[in-house]
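Trainee: Could you take me through the reasoning behind the labels used for this model, setting each value against its cut-off?
Mentor: Gladly; let us start with the aromatic rings and then turn to a helix.

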Amino acid sequence: MDDHDLAATLAEAAGELLLTIRSQGGAAGDRQANTLLLDRLRQARPGDAVLSEESPDDRARVERSRVWIVDPLDGTREYSEPPRQDWAVHVALAVDGRPVAGAVALPAAGLVLHTGQPPELASAVPGPIRVAVSRSRLSAQVTQLMDALSATPVPMGSAGAKAMAVVRGDADVYAHSGGQYEWDSCAPVAVAAAAGLHVSRLDGTPLRYNRPDPYLPDLLICRPELADTVLQTLTGA
């Protein structure tokens, strides 16, 4: 099984587990999905390092070329509010700091989007630009971007759900400046890039992973034809 298929298989398996134990709540979901992913990665890729939101960070990973970056349950709040669908499982592989394989499972929607079979980018939708935003934490920078673009907000939960909304054509832009970690964005960025979307930091610089400090506070995923406009608005260029 290649890395793309492994990412998809693991994300799907963790998602199926999460569906069966959803009544136990988010803490149980985080813990059990994490155990499943770590166990299966040890079996399938024993020589690779792992960075997971739900495990202590072993900084030895920084010296490794291949690092799996996972979020066993992205959107714990939404997961804890059935029947919400805007939560996800993230499984990605970074090689020398670049996301090369990844999968985002949206278990409640019955979907796994992954780099082995990159999703076909949906056609542009006429009308105002639609921006996927947090339903609870809208940052000042994103608010200013939306005002400048006269954009329509599309509120939803997890980072994976927002990113996949752009891939699936339910939004045009996902911009985040409120603080994230590498596990929040690595898999969504891998899938979005494979689908042909623009991915970068908010200042247009590349997203790099497996750094000593996994804090990665900002992110831009958007339709390629909107990238210049969005970046110019964000940077004032």
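Trainee: How many aromatic pairs does the structure hold?
Mentor: This predicted model holds three aromatic pairs.
Trainee: Why is the pair of Tyr181 and Trp183 called stacked?
Mentor: The ring centres of Tyr181 and Trp183 lie 5.1 Å apart with their planes at 10°, and since rings pair when their centres are within 6.5 Å and count as stacked when their planes are under 30 degrees apart, the pair is stacked.
Trainee: What makes the pair of Tyr181 and Tyr215 edge-to-face?
Mentor: Tyr181 and Tyr215 are 5.3 Å apart, centre to centre, with 70° between the planes, and an angle over 60 degrees counts as edge-to-face.
Trainee: Which parts does that pair tie together?
Mentor: Tyr181 lies in the loop between β8 and α6, whereas Tyr215 lies in the loop between β9 and β10, so the pair ties together parts that are 34 residues apart in sequence. Tyr181, Trp183 and Tyr215 form one aromatic cluster.
Trainee: Is Trp183 buried or exposed, and how do you know?
Mentor: Trp183 has a relative accessible area of 11%, which is under the 20% limit, so Trp183 is buried. Tyr181, at 35%, counts as partly exposed, and Tyr215, at 34%, is also partly exposed, because the partly exposed class runs between 20% and 50%.
Trainee: How do you know that the span of helix α2 agrees with what is expected?
Mentor: At 1.5 Å a residue, the 19 residues of α2 should span 27 Å, and the end C-alpha atoms are 27 Å apart, so the two agree.
Trainee: What do the buried residues of α2 pack against?
Mentor: The buried residues of α2, among them Leu36, Leu37 and Leu38, pack against α1, β1, β2, α3 and β3.

Conventions: Residues are numbered from 1 along each chain as its sequence is written. This is a predicted model: local features need pLDDT of at least 70, side-chain atom pairs count only at pLDDT 80 or more; totals for chains, interfaces and linings use all residues. Side-chain values use heavy atoms; hydrogens and water are left out. Rings of Phe, Tyr and Trp (its six-membered ring) pair if their centres lie within 6.5 Å; planes under 30 degrees apart count as stacked, over 60 as edge-to-face and the rest as tilted. Buried means under 20% relative accessible area, exposed over 50%, partly exposed in between (1.4 Å probe, protein chains only). Helices (H or I, at least four residues) and strands (E, at least two) are DSSP runs, numbered from the N terminus. The expected span of a helix is 1.5 Å times one less than its number of residues. Contact means heavy atoms within 4.5 Å.
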